[in-house]
Each structure stands twice: as C-alpha cells, then as structure tokens.
Amino acid sequence: MADLRQYSATLERSVWQVTNSSRLQCELSHQIPNYGQAIFSSEAGKVVNLGFELDMRRLPNDYSLANIESVAPSWKPGTAAKKIGNMQWRKQFDGDVDQDTAWMMLTELEKGYFPTLYYADWHNRYDRVSVALSATNFRDNYYQFLGCMDQLLKYSFDDIAYTVLQFENNSSELDKPSKKKLQRIEEYLKHDKDIEGISVKAYSSSWGGRYTNLKVSQKRASKVKQHFVNLGLIKDKISTEGFGEKRHIASNRTELGR
C-alpha cells in the first residue's frame, strides 16, 4: 500500500474569500496550506458559467488523473464518501474540472462535506496524495459569491467586441435597436478598464452623391466616438474611419439592402 500524504486546512486555518467581485468576474478562493489555492470563478456572459482551478505550487510533470470524492467531516463518523468526478492534469498546467463537477463540489461544501482529490504522486511512485477543500468558514463567503454571480453582466467582451450598428436613412442618428446595442457597450466599458483601443468604422449606401455619402459616414463615425468620449474614454484611444459607399455588404438596388 502506498503512503498517503494529506493536504488540508485545519479548523483554525480554513480561509475562504471572495477575491474578485465585479460585474465582469467573480472569484471564490480557498488556501490549502503547503499546497496551493483552490479557485471557483464565473465570468460575464449570456449563460451562467462556473469554473474551478487548482493553482498548485508544484505542477504535474506528465498527464495525470485525480479522483474527486465528497468526504464527510470528522464529526460525522461512519458516513461513506461518494464519488463526484475526475480532474485531469496536463504537463505543467494547473488542474481544472468541468462545470457540472464544479457545481457539485460547491453544493457538497455547502452541506458541510469536504471535496477531496486523490491521486498518485508525480515524483514518488510509492506515495499517494489527498487534497481536501475544507467546509469550515465556507457558507457566508459562498453566498456572497452567488450574489456576485447574480450581478454579472449578461454579455461578455466577445459579445460586444464586433458590433454592427444601423443608422436612420441619410442620417447620423442611430435607430432604436442600435441605441440599445450602444448602451450595452457603454455599460461594459464602465467595468473593463483594460480596453486599450476602440475602432469605429462607418459606411453609407450608394444612394446620393459619392462625396456626400463619404461625409455622412464620417459624421456617423464621429457621432459614435462622441458617445464614448462622453462616457469618459480618452479621445486618443478611439480611432474613426468613414468609408462612404465603399465596401458595402449588401445590394444598393433595394431599399432593404441600402
């Protein structure tokens, strides 16, 4: 039988923290003494999502697999452990699990159980390792984490990174659906301070004179830029370009196309 090395926070050292709480991302972390950190996370997006990562001091040196079980605390003797799932490790990468397994780990913690990973040591073939997430001091931070998730934006950077806006005919005035799209972008930009630049490219139909259409497109680009400037973004971060009737994506022969 292999020797078992155990890593888990004691009652006094069990610390859970909501380490990131914004409308873009929520993180719930737990320190595992002498081993690393367990992190549950969720990001802004159309669909509720949850991830789990085990940030370890020692990274695996090869592909490996760990079993995850829900283990009863010491004050519930005789309660059998139950299988939750698996964690796959890749060489020199932290471990992670799928969304369903992450939710199961959270709900087991909420009930007072200890999700525990068991695996063969990567450097000593005689040893097995167990890594437990302690349920001590968990619930209050977990409920705070759920509250953060509930406030996440319903769209991510990928959802707003390439947005098509429509204007009223021969005008720099956005139509109603596009105004809502622009409001969504503005709301995202309030929370993401890592945006380095915004590019606004504007067009027009070929209806009318070419010079006039060029000016209309330039005015449209400037109008959108002003929206972002009014929001507090630095002008130099926003580039604009008007193409007029060039590079159109639909036929100019029909009203709908134009």
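Q: Is I84 buried or exposed?
A: I84 is buried, with a relative accessible area of 10%. Keep in mind that this is a predicted model.

Q: Why does 10% count as buried?
A: Buried means under 20% relative accessible area, so I84 at 10% falls on the buried side.

Q: Where does I84 sit in the chain?
A: I84 is in strand β7, which covers residues 82–89.

Q: And what does I84 touch?
A: Leaving out residues up to four places away in sequence, I84 touches I68, E69, S70, T101, M104, M105, E108 and P115. Take E108 from that list. E108 and I84 are 24 residues apart along the chain, and their C-alpha atoms are separated by 9.3 Å.

Q: New topic. How many residues are in the largest nonpolar core?
A: The largest nonpolar core has 36 residues. Those with the most contacts inside it are F40, F52, L54, W89 and F145.

Q: Pick L54. What is L54 in contact with?
A: Not counting neighbours within four places in sequence, L54 is in contact with I32, Y35, Q37, A38, M87, W89, D94, G95 and L117.

Q: What other core lies apart from the largest one?
A: Another core of 22 residues lies apart from it. L165, F167, L182 and V200 are among its residues.

Q: Q37 came up with L54. Which side chain makes a polar contact with Q37?
A: The side chain of S29 does, at 3.4 Å.

Q: Where is S29, then?
A: S29 lies in strand β3, residues 25–32.

Q: Buried or exposed, this S29?
A: S29 is buried, with a relative accessible area of 3%. Beyond four places in sequence, S29 is in contact with V15, W16, Q17, T19, Q37, A38 and I39.

Q: Let's do pockets. How much space lies in the largest pocket?
A: About 1400 Å³. The lining has 42 residues, and V164, L165, F167, K201 and Y203 are the closest to the centre of this pocket.

Q: Which elements give two or more residues to that lining?
A: They are α3 (157–160), α4 (176–191), β11 (198–202) and α5 (210–230). The largest share, 6 residues, comes from α5.

Q: What classes of residue line the largest pocket?
A: The lining divides into 23 nonpolar, 13 polar and 6 charged residues.

Q: What volume does the second largest pocket have?
A: About 190 Å³. The second largest pocket is lined by 13 residues, and L189, D192, K193, L233 and K237 lie nearest its centre. By class, that lining has 6 nonpolar, 2 polar and 5 charged residues.

Q: Switching again. Where is Y155?
A: Y155 is in the loop between α2 (139–150) and α3.

Q: It's in a loop. Is Y155 buried or exposed?
A: Y155 counts as buried, at 10% relative accessibility.

Q: Who does Y155 touch?
A: Past four places in sequence, Y155 touches A44, G45, K46, I160, R184, E187 and Y188. With R184 there is a polar link too: the backbone oxygen of R184 lies 3.2 Å from a polar atom of the Y155 side chain.

Q: What about E245, where is that?
A: E245 is in the segment after β12 (238–242). E245 is buried, with a relative accessible area of 18%.

Q: Which side chain has a polar contact with E245?
A: The side chain of N213, at 2.8 Å. N213 is also one of the residues that E245 touches, along with S204, S205, S206, G208, G209 and R210, not counting residues up to four places away in sequence.

Q: How far is E245 from A102?
A: They are 51 Å apart in space, C-alpha to C-alpha, and 143 residues apart in sequence.

Q: Last one, phi angles. What sign does phi usually have outside glycine?
A: Most residues other than glycine have a negative phi.

Q: What is phi for N34?
A: N34 has a positive phi of about 65 degrees, although it is not a glycine. N34 is in the loop between β3 and β4 (36–43). N34 is exposed, with a relative accessible area of 56%.

Q: And what is phi for N170?
A: Phi of N170 is near 55 degrees, again a positive value in a residue other than glycine. N170 is in the loop between α3 and α4. N170 is partly exposed, with a relative accessible area of 46%.

Methods: Residues are numbered from 1 along each chain as its sequence is written. This is a predicted model: local features need pLDDT of at least 70, side-chain atom pairs count only at pLDDT 80 or more; totals for chains, interfaces and linings use all residues. Side-chain values use heavy atoms; hydrogens and water are left out. A nonpolar core is a set of buried Ala, Val, Leu, Ile, Met, Phe, Trp, Tyr and Cys residues joined through side-chain atoms within 4.5 Å. Buried means under 20% relative accessible area, exposed over 50%, partly exposed in between (1.4 Å probe, protein chains only). Contact means heavy atoms within 4.5 Å. Helices (H or I, at least four residues) and strands (E, at least two) are DSSP runs, numbered from the N terminus. A polar contact is a pair of N or O atoms within 3.5 Å; within protein, one must be able to donate a hydrogen and the other to accept it, and residues adjacent in sequence count only if both atoms are side-chain atoms. On a 1 Å grid over the protein atoms alone, a cavity is a set of points where a 1.4 Å probe fits but cannot get out, and a pocket is an open set with protein on both sides within 12 Å along at least five of seven lines; lining residues have an atom within 4 Å of a point. Grid points are joined across faces, edges and corners, and a volume is the space filled by probe spheres set on the points. Ala, Val, Leu, Ile, Met, Phe, Trp, Tyr, Cys and Pro count as nonpolar, Asp, Glu, Lys and Arg as charged, and the others, Gly among them, as polar.
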